Amino acid sequence: MLKRIHIKNCLSFEDFKIDLERINVIVGRNNSGKTNFCRVLQFLKLSQETDLNDAFRRSMGYTARFLNFGSERSYAEFSMECELPGASGRNRKSAFNYSLKVRCDGCDVIKAKPILTVENETLKVKRAGSDEITLIKNVRGKTTLMREKTTKKTKKWASIEEKIKPEKTMLSELVDSDEYEMSNQFKKYLRLIANFDIEPRYLKSIEIDRRMMLDGRGNNLWWSVYVLKNERKDFYRDYLTLVQMIEPGIVEIEIDDEKIRHQAYADPAFSGRDDHHFELDSVSGGTLRFMGLAMILIMSEMYFKELKISPTFTIEEPENGIHAGMLKLLYNLFKESPGQIIFTSHSPFMIDLFDDNIDGLKVLENQNGRTAPVRVDKRKIKKLLEKMPLGDMHFYGVFTP
């Protein structure tokens with residue numbers, strides 16, 4: 001689980017630090033930095049899959065400015081503090097501290113294509129009863145990598161030296177080997193970070209990408225359903241149960257095998273009671289969004305069962321298109337799931353659900369173009385809860401000066 005993240009000099013973040021719970025909601029006015037926070041997490045996730053420049057374009061866009069506007073520094077810095085289970089299924093938890101300093105050349109030129117390189121990268125771990133160990137140290141492509149096996153001569157772990165491309169992190173180049181078990185444990189966790197901002201027009205897409213499940217926009221939903229139905233029947237049954245919470249009439253989701261094999265399309269049809277059938281175009285946008293959110297819940301369960309690591313998912317404005325009466329159901333479902341969830345929201349009804357989880361409420365504000373966290377006075381909030389719920393407090397501006 002991600003416990004704390006510190007962002008310096010990137011997007012709208014000048015010097016931003018936030019502590020996180022297992023279930024969180026980030027609130028704030030438009031342009032306060034909620035979406036930028038999700039983008040930074042996605043950038044860090046992608047930085048272990050590809051080079052930094054590709055990670056930047058895919059997470060923040062081709063025209064985004066990587067560095068904080070007005071900054072004269074040419075670096076952005078990120079640090080993450082995480083608590084993860086031990087590798088190989090061991091129960092003992094480990095505290096990981098990952099830091100990444102990225103140099104940006106060309107960021108001071110309008111419309112220039114920035115070039116990002118690693119200035120410094122460090123991964124440290126501390127297990128209960130043990131000293132902190134540096135697993136990775138990368139300075140401009142010159143890396144020291146700890147081998148997690150003792151040598152016959154010294155009976156201690158030994159390190160090796162590597163030279164990698166400056167635009168790549170050492171995590172992205174790390175091989176999947178028992179010699180780097182704890183480093184790979186953290187890398188697996190980064191892979192499980194995902195940002196979802198799903199929209200009905202993408203959820204309706206029947207095109208498929210066999211390499212992945214549901215993506216951040218909602219593409220690949222029906223391929224994901226097909227995979228569950230044919231390869232993970234236990235999870236398919238759970239998914240169908242979730243879908244029936246919003247559309248009780250659906251008893252089966254049919255996807256044509258022939259179109260999958262020959263046309264690379266996953267075209268769903270829905271079977272109801274009394275031999276009633278209907279197609280995808282008959283499903284409302286709100287129902288489609290609920291189906292997408294239900295798939296996110298299933299993915300959280302799957303990843304935890306397979307990897308024994310709780311994923312971290314950011315979900316932007318889950319209330320869109322969903323009846324207010326269903327939000328509590330969704331909140332409780334995510335609360336019971338094994339994943340760490342970070343919602344962003346403008347809905348008073350969604351924010352109300354955190355009345356008993358004030359620690360999970362995170363408030364952001366725009367201070368002269370820079371994102372800043374607002375300290376929530378919990379004693380004041382608890383007293384005000386006797387008069388009004390959190391959603392009303394947000395509506396009336398109680399959280400922000």
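Two strands count as paired here if DSSP finds at least two bridges between them. Helices (H or I, at least four residues) and strands (E, at least two) are DSSP runs, numbered from the N terminus. This is a predicted model, where local features need pLDDT of at least 70. Residues are numbered from 1 along each chain as its sequence is written.

Let's start with the six-stranded sheet. This open sheet follows the order β10-β14-β15-β3-β16-β17, with mixed pairing. At its edges stand β10 (193–196) and β17 (370–374), each with a single partner strand, so one side of each has no neighbour in the sheet. Direction ignored, neighbouring strands are turned by 20° against each other on average; axes are lines fitted to C-alpha atoms, for helices over the stretch in contact (heavy atoms within 4.5 Å), with angles from 0 to 180 degrees between N-to-C directions. Helix α9 (residues 285–307) lies across β10 and β14 (312–316), running at about 170° to β14.

A second open sheet has three strands, in the order β11-β12-β13, and its pairing is antiparallel. Here β11 (250–255) and β13 (277–279) are the edge strands, each pairing on one side only. The twist averages 25° from one strand to the next.

Then comes a hairpin of β6 and β7, with five residues between the strands; in it, glycine 129 takes a positive phi near 80°.

Here are some strand pairs with their bridges:

| Strand pair | Sense | Bridges |
|---|---|---|
| β6 (residues 115–127) and β7 (residues 133–139) | antiparallel | five bridges |
| β3 (residues 23–27) and β15 (residues 340–344) | parallel | four bridges |
| β12 (residues 268–272) and β13 | antiparallel | three bridges |

Glutamate 121 has asparagine 138 in β7 as its bridge partner, while valine 25 stands opposite phenylalanine 343 in β15.

How values were computed: This is a predicted model: local features need pLDDT of at least 70, side-chain atom pairs count only at pLDDT 80 or more; totals for chains, interfaces and linings use all residues. Side-chain values use heavy atoms; hydrogens and water are left out.
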